Amino acid sequence: MTNHSDRRAGRPSQVRRPESNKQPGQNGHPHPTWLALRWLFLFRLVVLIGLILLFSPSALDPLITPANAALAWNVLILYAILVLLSGLTLYARRPSRGSQVHLATYIDIIAFTFLMYAAGGAASVIGILIGVAVAAGALLMEGRMALLFASFAALAVLTEQIYSDLYGGVATSSYTQAGLLGGIFFAVALLAHVLYRRVREAEAMAARRTVDIANLTKLNAFIIANLETGILAVDGERHLRVQNNAALELLDVDAIKPGSSLVDFSPEVVEWLETQVQNPAPEGTLMHVGGRELRATLKLLGDYRASGALIYLRDNQELTREAQQIKLAALGTLTASIAHNIRNPLSAITHASQLFAEGKDLPEDDRHLLDIIRRNSARIDETVRSVLQLSRRDRMDPVSLDTARWLEEFAEEFRETHRLAPERLTLEITCSPDPVEVDPRHLHQIVSNLCENALIHGGHNNEPPRIKIRLVSTAEGAGPPLIEIADEGPGIDVKTARDIFNPFFTTKTGGTGLGLYIARELAQTNGIHLTYEPAEPHGSRFRLHFAR
């Protein structure tokens, strides 16, 4: 059964040990299974048929007297009736399983003893069947009644021998054979008991191993399913055996049934796989699937094609972004530690250039050099400030924010700071969305960066740039808000749009290329999804999608 609490907690459920795996004596009473009783019934039918053939007139030993032959057939008829009745009790499952084993064993011992008497006593081969009955009963009763069955069988054989000696005229030398036969019964019973214990121990160990393997399989499946790396395991015929959610997402597939052919849902992967089998690349190669660029690595599971292969898939853009984050984190740490050592000399250079610029009768060449110093000093200061912002992006203080009221205050402040007329920055609020949990400082920097970017690139046909901020809801009525910052500029071409959120990417000579990257990083920190879309007929739209 599956543990629902484990499922809710995101942990793999543990396979419980079945009740049938209990050790002998754990429940206090031996209980052979109904399947074992059915096999016992079939075995008794086979023995009955063999005995009928053995005592048939054509195969009857000439030494057997007619009286003994008649006795044998009477016993066989009665034994056949009892065996058939045991089939009915087995079908009705009444009485209990243990009682049915007891009855079958005692009936077999008594019937075989009479048949042994009819066949000539302990010297006949019928005595072996008594040993078989003892062994079967001991095994079915979990070895507990082995000595009881052996004692009853030995007593029956001894009684038969005494009766034969007194009334049948059998030689007394048969007592030795009867004694040996009784000893064999006890040996068989003890061996059956030991064999049963060994079988039960092996069965219990196998059950434990089965549970452990099942738990390990579930754990492996849980780990694979939650890996961020896409995993595909295929056999030699290129049929899928194992896949995880990351692989389905990277291949843009909703669901795949195990055993499906890989070529049915991703011919690109099959083509890449065949190429790699012939010319393997240990570090992995790039593969284009749909609109994504994936870095794939192949691990063969054997030296032959039939052994199958393991394919690891990673989004190359995601890998690049992770590398950039590592680089920028290191850069941010470095910049934070030496910011004062950069800014202090930079402030001195800037101040000295301003004082030098106040001098009279400066040649134009010197003034040009001073302008270069001031521009580059300002650029260095902006770069240091931007990288410092990156190093502080995780320091957030979220509050419940009314986005409509906040945007009204932001629009008024931005117009005043940049001296914009109301028609240059318009605000459209079409809903009253639910408050959102966000850091106001981060949101201010995100929207400010997007608006300043629109001021720089939003002009068209020599007209001043116009910015439009819209607040809409992503659901009917109240719901999570969506903020859109749009301009009427020439827009961004498709090739450039793929790189606008990369750090240090800029299309102007004086920029740092960190504005949009910082906006996206701050948005992700606050659970906001920042996207870009081209506007119609021209222009750009940046959208902030707030989570519920």
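In the predicted model, Ile-469 stands opposite Ile-485 of strand β10. The two strands concerned are β9, spanning residues 467–473, and β10, spanning residues 481–487. Their pairing is antiparallel and runs over seven bridges. In general, the strands of a sheet pair through backbone hydrogen bonds, in either a parallel or an antiparallel sense.

Strands β9 and β10 belong to an open sheet of five strands. The strand order is β7-β9-β10-β12-β11, and the pairing is mixed. Strand β7 (425–429) and strand β11 form the edges, each pairing on one side only. On average, neighbouring strands of the sheet are turned by 15° against each other, with direction ignored.

Two helices lie across strands of this sheet. Helix α14, residues 440–457, lies across β9, β10, β11 and β12. Its direction is at about 170° to β12. Helix α16, residues 515–525, lies across β11 and β12. The angle between α16 and β11 is about 140°.

The sheet region also holds a cis peptide bond. This bond joins Glu-536 and Pro-537, with omega at about -5°. Pro-537 sits in the loop between β11 (528–534) and β12 (540–546). That loop therefore links two strands that are adjacent in the sheet order β7-β9-β10-β12-β11.

A second cis peptide bond joins Arg-94 and Pro-95, again with omega at about -5°. Pro-95 is found in the loop between α3 (66–92) and α4. Arg-93 is placed in the loop between α3 and α4 as well. Arg-93 is not a glycine, yet its phi is positive, at about 60°. Most residues other than glycine have a negative phi, and most peptide bonds are trans. Arg-93 is partly exposed, with a relative accessible area of 42%.

A positive phi also occurs at Arg-238, where the value is near 60°. Arg-238 lies in the loop between β1 (230–234) and β2 (240–243). Its relative accessibility is 8%, so Arg-238 counts as buried.

Helix packing was examined around helix α2. Two packed helices are described by the angle between their axes and the distance between the axes. Helix α2 covers residues 34–54, and helix α4 covers residues 97–118. Their axes come within 11 Å and cross at roughly 15°. Helices α2 and α4 are therefore roughly parallel to each other. Their crossing is left-handed. On the α2 side, the contact involves Trp-34, Leu-37, Leu-40, Arg-44, Val-47 and Leu-51. On the α4 side, the residues are Arg-97, Gln-100, Val-101, Ala-104, Ile-107, Asp-108, Phe-112 and Leu-115. By class, this contact between α2 and α4 has ten nonpolar, one polar and three charged residues.

Arg-44 of helix α2 is one of the residues that meet α4. With a relative accessible area of 3%, Arg-44 is buried. Neighbours within four places in sequence aside, Arg-44 is in contact with Tyr-79, Val-83, Ser-86, Ala-104, Ile-107 and Asp-108. Among these, Ala-104, Ile-107 and Asp-108 are also listed on the α4 side of the helix contact.

Helix α2 packs with helix α5 (residues 126–140) as well; the two axes come within 12 Å and cross at roughly 175°. Helix α2 is therefore roughly antiparallel to α5. From α2, the contact is made by Ala-36, Leu-40, Phe-43, Val-47, Leu-51 and Leu-54. From α5, Ile-126, Leu-129, Val-132, Ala-136 and Leu-140 take part. By class, the contact of α2 with α5 has eleven nonpolar, no polar and no charged residues. Leu-40, Val-47 and Leu-51 of α2 appear in the contact with α4 and in the contact with α5.

The protein chain as a whole has 16 helices and twelve strands. Of its 548 residues, 37% count as buried. Contacts with a separation of 6 or more were also considered across the chain; residues 24 or more positions apart account for 63% of them.

Definitions and conventions: Residues are numbered from 1 along each chain as its sequence is written. This is a predicted model: local features need pLDDT of at least 70, side-chain atom pairs count only at pLDDT 80 or more; totals for chains, interfaces and linings use all residues. Side-chain values use heavy atoms; hydrogens and water are left out. Axes are lines fitted to C-alpha atoms, for helices over the stretch in contact, and angles run from 0 to 180 degrees between N-to-C directions. Helices (H or I, at least four residues) and strands (E, at least two) are DSSP runs, numbered from the N terminus. Angles under 35 degrees count as roughly parallel, over 145 as roughly antiparallel, 65 to 115 as roughly perpendicular and the rest as oblique. A crossing is left-handed if the near helix is turned anticlockwise from the far one by less than a right angle, and right-handed if clockwise. Contact means heavy atoms within 4.5 Å. Ala, Val, Leu, Ile, Met, Phe, Trp, Tyr, Cys and Pro count as nonpolar, Asp, Glu, Lys and Arg as charged, and the others, Gly among them, as polar. Buried means under 20% relative accessible area, exposed over 50%, partly exposed in between (1.4 Å probe, protein chains only). Two strands pair if DSSP finds at least two bridges between them.
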